[in-house]
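Keep the viewer open and follow the stops below. Each one tells you what to select and what you will find there.

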Amino acid sequence: MRSSLWSLIVKELLANWRDRRNRIILLISPMIQVLIFSFAATQEVKNVPLAVLDDNRSILSRELISRFEGSPQFSQVMHLQGVGDIAPTIDSRTALAVLHIRQDFSRKLAAGQPAQVQLLLDGRSSNAAQIIQGYTVEIVDRLNVEIAQSASLRGPASVVVARTWFNPNSDTLWSTVPGLFAVLTTTVGMMVSALSVARERELGSFEQLLVSPLTSIEILAGKAASALVIAVSETTIIMLIAMYVLGVPMEGSMVLLYGAMIVYLLSIIGIGLFISSLSSTQQQAIIGAFMFLAPAILLSGYATPVSNMPDWLQTLTFVNPVRHFVVIAKGAFLKDLPIDVIAAHLWPLALIAAATLSAATWLFRHKTA
Amino acid sequence: MSEALVQFDQIVKRFDGTPHPAVAEITTTIMSGGITGLAGPDGAGKTTLLRLILGLLKADSGALRVCGRDPVSEASAVRDLVAYMPQRFGLYEDLTVLENLTLYADLRAVIGEERRTAFERLLAFTSLAPFTSRLAGALSGGMKQKLGLACALIRTPRLLLLDEPSAGVDPVSRRELWRMVQTLTGEGLGVVWSTAYLDEAERCERVLLMNDGKLIYEGSPSGLTNRMVGRSFHVRNAGEGRRGVLASAAKMPGVIDGVIQGANVRIVMAAGATPLSAEDFKGVSHVEVTSVPPRFEDAFVSLLGSATPAVSRLAAGAVRAKLDAGPVVEAKELTRRFGSFTAADRISFSIGRGEIFGLLGPNGAGKSTTFKMLCGLLRPTSGEARVAGLDVAAQTSAARNRLGYMAQKFSLYGDLSVAQNLAFFAGVYGLTGARRQRALERVTEAFGLQRYLETNAGTLPAGFKQRLALSCAVMHEPPVLFLDEPTSGVDPLTRREFWAHINAFVQSGVTVMVTTHFLEEAEYCDRIALVYRARVIAAGTPDDLKDSVRTQALPDPTLEDAFITLVEADDKKVAA
């Protein structure tokens, strides 16, 4: 490598490191984000307030209610007095769900007939409502089985036994953290590269760099390389937090993950440098970076599965580098993703990286010479 | 009848993280009915002082009264009486002239009939009436300045504060603004005009001279200049040898200041020192030493306590320019168009070895465009730029290796230490091993950077920033140096030191190309090209330019006079 290119990389790293504010943002913020997001952006529903209207007031109905009270998913179980209480309770969000046990509940059960309980859910939190429904069905089913056994009646014909593969305890940290890892890798690579050219423009050192014998390709290569070094070191820190603080397993090959990550980061850095070449101030660069980050992350399958999107949008996500890396990251953490599956996502990434880096180079030359 | 508008009593203002107070125990009074010059280099505390008057900052200690009121606790009353034009004029560039005026009228609650008459008065006063629908961003520097002034004057104030109104504005617009402001003082207004140009301060009725937060002089400019009578001299006829004359004069006892003014060298002696005579310059034949009237700047330098003029520690030949004969920098029919706008139109000149060549001209006239094409920052639309025998556009990287560049604004890496900045530029210019070591040692030694090697470049004192920037530009021993307004806003001592280094380079054969609108700087040049309306309208030595405008009415023109006369003559020619 030419010594001038090496000097440029060293300078970029020093410039990022010696600016105290920059250092804090780069070091502390991903750590805080991985911790906060892991616990806050959880899909799990815990500590839900539930209201119960028991019109039956029998041993059996009390038994059913006590099971809800004993469940860790429900924080408190409120007792309502009449049907008129139901609507206000849900309206005011005092409870997310109301369980209504009819007067004939115990009578029907005793007669061996199917007894119905009504579950009213707050559809405004549709996701939580769905999950509460699941819990409720589970609790009621279990009671069913027990009643059947004790009364030596014939139990329900069949019971679904679900087992979650790759995440046997359905620990939501396991499913959020690998996706979050991909998102944070993206953000860091993006920010460092998007600010790099814009910062020099703003501070006035850019022209000094341009009149040096460094060619525009060398300048971009130096900036890309240093952004890569910074982003890889940061993701390493995030990965260690994920594995040793949050206890997420690393099933796949570390070598494959790092290889894929470098290709992926190059594609992101290409976009970052493109944005940076366009911006004359750091502020513009940050706005540009967010204009890319928000849609790219939404369309990545990090928060919502790509398979739920309309077909045309699914096709479009093929050019979204974040989408490919989310698959790779989830695969590497939770299952030992085979190399051919990784390769299927790696070649699009390599293509995207080649495209974004060339676009950045073209724009950079176009804007400067 | 003039009255006291602002009274400072022992005012102190400190900012966190700076070793010295920005304003240190200032006691003074600003009167109505005249222009008070607030003079001093960048960072002397001028803007802080203005912001204290406006109540935008609160003094740490001391008492301050503005029109009899406290500027912080009675802020709204004070703001009705005081108008302020910030640096860069405080305009909204995406609004038209009229929208800017309307905005400021709204902010100051000037409405109805009062607004109508105010607009009429101000548009007539500034002659901006034909341009009311033009975007402020599309105005020339001089017109922006006038609009800024109009916006400040929406409600007729008792005190007008102008924060460096002439920074970045060409001499023609500077003079026009000066005349306008003088009209205002005739109406009894008090004006504070802050400036880094000492020649401007010299024209004020009263001047407050600041340095490092301290008030070092207050009173009439002539009061200070008169102390210097009999101590200023010109060494004439030195011709080619003038840089040598300056360098040797700088080492003579009793000399406290020396600058080059065209073909002459201006020397200032310490009080009571024996004046120099032609005998002292035996090496150079035919020199004459004549006494000249002192200028304000002589007095300022003497006041700053300069014991001896700056001497460059660069040994002659420290930088070896290895070059053949023939022009070192050449512009051949250089043209650059941006869309339909021609920024540079067939500009041609050539610069020889060891010459200082200046590009002079108003903002937007095309001097920066020309300069950028010559150092490879901008591709010419047609024509050719050659540096050290290489075509800049075709052999960019090789040509860049042979030039050193120093930008107007401090443009190194402020968060990197001095040593890291030096190492970076050594690396960028491909210096390795022993060569790199020698280069680093040479500039550290020559520019006295030893003490600051581990200091962050951003926190260096102004003079050292300048030294570091120059060090980084010359580490690879370029035969050509490009300087873009290298000393605008720096104090006179730093500027002299800088030019002492440049003169040393030139004496060892380096060629220097400099852009400036600071006429003091232009005096150091061997030749000047005056760029106006994208063309070179005049070229020659500083004295040639001065001679070309010498008339009965103007027997001793300054370079600024020459500049203004030539630009105005060109305007007339184009209009005709």
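Contact here means heavy atoms within 4.5 Å. With that cut-off, start at A:Thr361, which touches A:Ile217 and A:Leu220, leaving aside residues up to four places away in sequence. A:Thr361 sits in helix α14 of chain A, residues 339–368. Now add A:Ala15 to the selection. A:Ala15 and A:Thr361 are 346 residues apart in sequence, and their C-alpha atoms are 22 Å apart in space.

**Confidence**

This is a predicted model. Its scores are ipTM 0.75 and pTM 0.78. Colour chain B by pLDDT. The average for chain B is 86, and 96% of the residues score at least 70. Which elements of chain B have the lowest and the highest mean pLDDT? Helix α17 (residues 519–522) of chain B has the lowest, at 81. Helix α13 (residues 418–428) of chain B has the highest, at 93.

**Domains of chain B**

Select by range. The domain assignment gives chain B domain 1 at 4–219, domain 2 at 226–304 and domain 3 at 405–477. Place a centre on domain 2 of chain B and another on domain 3 of chain B, using C-alpha atoms: 32 Å separate them.

**A sheet in chain B**

Show the strands β2, β1 and β4 of chain B. They form an open sheet of 3 strands in the order β2-β1-β4, with antiparallel pairing. Why does one side of β2 and of β4 in chain B lack a neighbour in the sheet? β2 (23–31) and β4 (61–66) of chain B stand at the edges and each has a single partner strand, so one side of each stays free of a neighbour in the sheet. On average, neighbouring strands of this sheet are turned by 10° against each other, direction ignored.

Zoom in on β1 (residues 4–13) of chain B. Between β1(B) and β4(B), which run antiparallel, there are 5 bridges. Pick B:Phe8; opposite stands B:Leu64 in β4(B). Next, show helix α1 (residues 46–53) of chain B. Helix α1 of chain B packs on the sheet and touches β1, β2 and β4 of chain B. The direction of this helix makes about 120° with that of β1(B).

**Salt bridges**

Side chains of opposite charge can pair when their charged atoms come close. Over all chains, a search of the whole structure finds 45 salt bridges.

Go to A:Glu12 and A:Lys223. They form a salt bridge, with the closest N and O atoms 2.6 Å apart. The pair links distant parts of the chain, 211 residues apart: A:Glu12 is in helix α1 (residues 3–18) of chain A and A:Lys223 in helix α9 (residues 216–245) of chain A. Are the two partners buried or exposed? A:Glu12 is buried at 4% relative accessible area, and A:Lys223 is buried at 1%.

Move to B:Glu93 and B:Lys144, whose side chains meet in a salt bridge at 3.5 Å, N to O. B:Glu93 lies in the loop between β5 (82–85) and α3 (97–107) of chain B and B:Lys144 in helix α5 (residues 141–152) of chain B, so the pair ties together parts 51 residues apart in sequence. B:Glu93 is partly exposed at 42%, whereas B:Lys144 is buried at 17%.

Then select B:Arg550 and B:Asp547. Their salt bridge brings the closest N and O atoms to 2.6 Å. B:Arg550 is partly exposed at 41%, and B:Asp547 is partly exposed at 41%.

For the last stop, return to chain A. Salt bridges that share partners join A:Lys11, A:Glu12, A:Glu200 and A:Lys223 into one network.

Conventions
Residues are numbered from 1 along each chain as its sequence is written. Chains are lettered from A and ligands numbered from 1 in the order in which they are written. This is a predicted model: local features need pLDDT of at least 70, side-chain atom pairs count only at pLDDT 80 or more; totals for chains, interfaces and linings use all residues. Side-chain values use heavy atoms; hydrogens and water are left out. pLDDT is the predictor's confidence in each residue, from 0 to 100. Helices (H or I, at least four residues) and strands (E, at least two) are DSSP runs, numbered from the N terminus. Domain bounds come from an automatic or database domain assignment. Two strands pair if DSSP finds at least two bridges between them. Axes are lines fitted to C-alpha atoms, for helices over the stretch in contact, and angles run from 0 to 180 degrees between N-to-C directions. A salt bridge is a side-chain nitrogen of Lys or Arg within 4 Å of a carboxyl oxygen of Asp or Glu. Buried means under 20% relative accessible area, exposed over 50%, partly exposed in between (1.4 Å probe, protein chains only).
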